[in-house]
Amino acid sequence: MVAFALEKMPINLLHSLVHRVEQGWDPISHEYADKYAEAAWHEERVALIERLEFFAGGFKGKRVLDLGGGPGQYSALMAQRGARVTWHDVSREYERVARVHAQAAGVSIDFSLGYLEEAAKFEPQSFDIIFCRLCWSYCRSDRRFARLLYTLLRPRGVGYIECNTPEFARPRRLRKLSYWLNEHLWWKIGHPLPPHGRITKLVQKYPFETMIVDYSSELSDVLLFVKGTV
Ligand SMILES: C[S@@+](CC[C@H](N)C(=O)[O-])C[C@H]1O[C@@H](n2cnc3c(N)ncnc32)[C@H](O)[C@@H]1O
């Protein structure tokens, strides 16, 4: 009972109530946003988007949600291939960078600032594709975030989730405790990466048509799936 309450009311919720984007709070500095963006324009991003394009049967006319979209390197590529992209992220600094790049790429993107959980403002089943790369750990509850992501996807919509594993972070001391609490009690303090395999199990609780799970690297879990229709 106590464990359940703590999962629902974690310290991260209090943090998000105090640190508000609309009041100018930003977890990312100007310098860091520019530095991350510089490294983000690598060639593998094109290969990933091409793979997703093939799996989803094209981007043309599709409504895409780029969750935790960061500098927008994927948003821009999907928009260039004809998708109507909504970028959603908590950082105004990344929005600044993503806007510059969208303009340079000659595409228009919808920008939405807010915490991951605030994507609940979008209508259920309103996206054909949800792209969630390297931001899952920032959600307040793995269970509820999986449900939200699934809810926002239309039936037969495609989900792409890529998330580093605890092996990637190799946490020590206090962070190790935060990882232990998340793994065993589902309490989130800070942003522990979910245990290997957890995201897949959470998504598999819901109906799906196809699922491709890539565990080829012990450093990250990659999941591509098609939502079921029932
Ligand atoms: C490692 S970056 C990944 C960016 C991009 N998806 C990529 O693949 O390069 C993590 C992103 O999550 C965003 N983020 C962190 N905490 C967040 C939160 N609570 N709600 C929404 N976005 C968040 C950051 O601003 C950042 O853009």
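How many salt bridges does a search of the whole structure find? I ran that search first, and the count came to 14 salt bridges. A reminder to myself before going on: this is a predicted model.

**Entry: the sheet**

I traced the strands next. They form an open sheet of 7 strands with mixed pairing, and I wrote down the order as E3-E2-E1-E4-E5-E7-E6. Strand E3 (110-113) and strand E6 (208-214) are the edge strands, each pairing on one side only. I also looked up the twist: neighbouring strands of this sheet are turned by 15 degrees against each other on average, direction ignored.

At the E3 edge, I checked how strand E2 (residues 84-89) joins on. E2 and E3 pair in the parallel sense, over 4 bridges. For a concrete handle, I picked Trp 87 and found that its bridge partner in E3 is Phe 111.

**Entry: helices on the sheet**

Helix H6 (residues 92-105) lies across E2 and E3, and its direction runs at about 170 degrees to E3. Helix H7 (residues 142-152) also packs on the sheet, where I found it touching strand E1 (63-67), strand E4 (127-133), strand E5 (153-164), E6 and strand E7 (220-227). Against E5, the direction of H7 makes about 140 degrees.

**Entry: buried charges in pairs**

Back to the salt bridges. I started with Arg 140 and Glu 117, whose closest N and O atoms are 3.6 Å apart. This pair links distant parts of the chain: Arg 140 sits in the loop between E4 and H7, Glu 117 in the loop between E3 and E4, and 23 residues separate them. Are these two buried or exposed? I looked, and both Arg 140 and Glu 117 are buried.

Then I turned to Lys 188 and Asp 142, which meet in a salt bridge at 3.7 Å, N to O. Lys 188 belongs to the loop between helix H9 (173-185) and helix H10 (198-203), while Asp 142 is in helix H7, 46 residues apart. Lys 188 counts as buried because its relative accessibility is 1%. Asp 142 has 2% relative accessibility, so this residue counts as buried too.

**Entry: Arg 156**

Arg 156 earned two notes. Its salt bridge with Glu 209 has the closest N and O atoms 3.0 Å apart. The link joins strand E5, home of Arg 156, to strand E6, home of Glu 209, across 53 residues. Glu 209 is at 38% relative accessibility and therefore counts as partly exposed. While on this topic, I noted one network in which salt bridges that share partners join Arg 20, Glu 22 and Glu 118.

My second note concerns the backbone. Most residues other than glycine have a negative phi. Arg 156 has a positive phi of about 70 degrees, although it is not a glycine.

**Entry: Arg 170**

I found another positive phi at Arg 170, near 40 degrees. Arg 170 lies in the loop between helix H8 (166-169) and H9. Its relative accessible area is 58%, so Arg 170 is exposed.

**Entry: Arg 45, a charge without a partner**

Last, I visited Arg 45 in helix H4 (residues 44-56). What is the nearest side chain of opposite charge to Arg 45? I found Glu 43, 4.8 Å away; Arg 45 is buried yet has no salt bridge. Setting aside neighbours within four places in sequence, I listed the contacts of Arg 45 as Ala 40, Gln 73, Tyr 74 and Leu 77.

Key: Residues are numbered from 1 along each chain as its sequence is written. This is a predicted model: local features need pLDDT of at least 70, side-chain atom pairs count only at pLDDT 80 or more; totals for chains, interfaces and linings use all residues. Side-chain values use heavy atoms; hydrogens and water are left out. Two strands pair if DSSP finds at least two bridges between them. Helices (H or I, at least four residues) and strands (E, at least two) are DSSP runs, numbered from the N terminus. Axes are lines fitted to C-alpha atoms, for helices over the stretch in contact, and angles run from 0 to 180 degrees between N-to-C directions. Contact means heavy atoms within 4.5 Å. Buried means under 20% relative accessible area, exposed over 50%, partly exposed in between (1.4 Å probe, protein chains only). Lys and Arg count as positive and Asp and Glu as negative; His and the chain ends are not counted. A salt bridge is a side-chain nitrogen of Lys or Arg within 4 Å of a carboxyl oxygen of Asp or Glu.
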